[in-house]
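Visitor: I should like a close look at a single part of this model, with its surroundings described in a connected way. Please begin with the contacts and work outwards from there.

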Amino acid sequence: AMMDVARWEAFNSKGAEAKTAALQAVALAQELEASDADQGHLYLGVQAEVQRPVLRDFDAAIVAYGKLNRPPDTDMAMAECLNDKGEHAKAMAKYLEIHALYAQTGSGPQALLRAGLLAHKPLDQKARAISLLRRVCDDYSDHDEYNHAHRYLQAELGVTYTGGGGARKK
């Protein structure tokens, strides 16, 4: 219960008070993880949940997500941490890995879209961004990511042929 209170305070406080509560929540979660292996996943989730947005300790959050190991969600969270800490090339590589592993799930198109957006900004790889976003349009025309990729290609990248409706004929 103390961990839950500290977590709540971490998210509902500001400044030093939020940081103190977050550190307390993480410490309690680590203690509980060590003493209650059956529920360890819950405590790892709390650690990652607090470390990333409140403490902005992306490395610690990545470790917690890795130990939690609930793909593809934890993989997506690790990629987001890499992006948040400015390691955009590593984040793109992680998104492409997620796409390769989970192409037929909801995470596949989401990961490919994020890789395409990263390729454009901040990586400044326009040709690669166009290629990845067209692939979203071609391979996932029945997913929500299609609409985002289509609009982005037209509005941000000035591309008229965006693909869609199935894979292009070669």
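Guide: In this predicted model, Leu133 is in contact with Leu113, Gly116, Leu117, Ala149, Tyr152, Leu153 and Leu157, once neighbours within four places in sequence are set aside. Leu133 is also among the residues with the most contacts inside the largest nonpolar core, a set of 37 residues. The others named for that core are Tyr65, Tyr95, Ile98, Leu153 and Leu157. Two of these, Leu153 and Leu157, are contacts of Leu133 itself. At least two residues of the core come from each of helix 4 (58-68), helix 5 (73-84), helix 6 (88-101), helix 7 (107-120), helix 8 (126-139) and helix 9. In general terms, nonpolar side chains tend to be buried together in soluble globular proteins.

The packing of helix 7 against helix 8 places Leu133 in a wider setting. The axes of these two helices come within 7 Å and cross at roughly 160 degrees. Because angles over 145 degrees count as roughly antiparallel, helix 7 is described as roughly antiparallel to helix 8. Their crossing is left-handed. On the helix 7 side, the residues that meet helix 8 are Pro109, Leu112, Leu113, Ala115, Gly116, Leu117, Ala119 and His120. Their partners in helix 8 are Lys126, Arg128, Ala129, Leu132, Leu133, Arg135 and Val136. Leu113, Gly116 and Leu117, which take part in this pairing, are also listed among the contacts of Leu133.

Ser107 belongs to helix 7 as well. Ser107 has a relative accessible area of 9%, and it is therefore buried, the limit for that class being under 20%. Leaving out neighbours within four places in sequence, Ser107 touches Pro72, Ile98 and Tyr102. Of these, Ile98 is one of the residues with the most contacts inside the largest core. Pro72 sits in the loop between helix 4 and helix 5, and a cis peptide bond with omega of about 0 degrees joins Pro71 to Pro72. Asn69 is found in that loop between helix 4 and helix 5 too. Its phi is near 50 degrees, a positive value in a residue other than glycine. With 52% relative accessibility, Asn69 counts as exposed.

The loop between helix 7 and helix 8 also merits attention. Pro122 has its place there, and the peptide bond leading to Pro122 from Lys121 is cis, with omega near 15 degrees. Leu123 lies in the loop between helix 7 and helix 8 and is partly exposed, at a relative accessible area of 22%. Not counting residues up to four places away in sequence, Leu123 touches His88, Ala89, Met92 and Leu118. Leu123 and Ile62, 61 residues apart in sequence, have C-alpha atoms 22 Å apart in space. Asp124, likewise in the loop between helix 7 and helix 8, has a positive phi of about 55 degrees although it is not a glycine. Asp124 counts as exposed, with 66% relative accessibility.

Thr160 is placed in the segment after helix 9 (144-155). Its relative accessibility of 73% makes Thr160 exposed. The C-alpha atoms of Thr160 and Gln125 are separated by 18 Å, with their positions 35 residues apart along the chain.

Apart from the largest core, which has 37 residues, there is a second, separate core of 12 residues that includes Met3, Ala10, Ala22 and Val50. Met3 and Ala10, together with Ala6, are the buried residues of helix 1 (residues 2-12). Viewed down the axis of helix 1, these buried residues fall within an arc of 65 degrees, so they line one face of the helix. Helix 2 (15-35) and helix 3 (40-55) are included in what covers them. Helix 1 and helix 3 pack at an angle of about 20 degrees, their axes being 11 Å apart, and are therefore roughly parallel to each other. This crossing is left-handed. The contact involves Met3, Arg7, Ala10 and Phe11 of helix 1, and Tyr43, Val46, Glu49, Val50, Pro53 and Val54 of helix 3.

As for the whole, the chain has nine helices and zero strands. Of its 170 residues, 42% count as buried.

Terms used. Residues numbered from 1 in each chain as written. Predicted model: local features only at pLDDT ≥ 70, side-chain atom pairs only at ≥ 80, totals over all residues. Heavy atoms only, no water. Helix = DSSP H or I, 4+ residues; strand = E, 2+ residues; numbered from the N terminus. Buried < 20%, exposed > 50% of the residue type's maximum accessible area, 1.4 Å probe, protein only. Arc of directions from axis to C-beta. Contact = heavy atoms within 4.5 Å. Core = buried A, V, L, I, M, F, W, Y, C linked by side-chain atoms within 4.5 Å. Axes fitted to C-alpha atoms, helices over the stretch in contact; angles between N-to-C directions. Parallel < 35°, antiparallel > 145°, perpendicular 65-115°, else oblique. Left-handed = near helix turned anticlockwise from the far one by under 90°.
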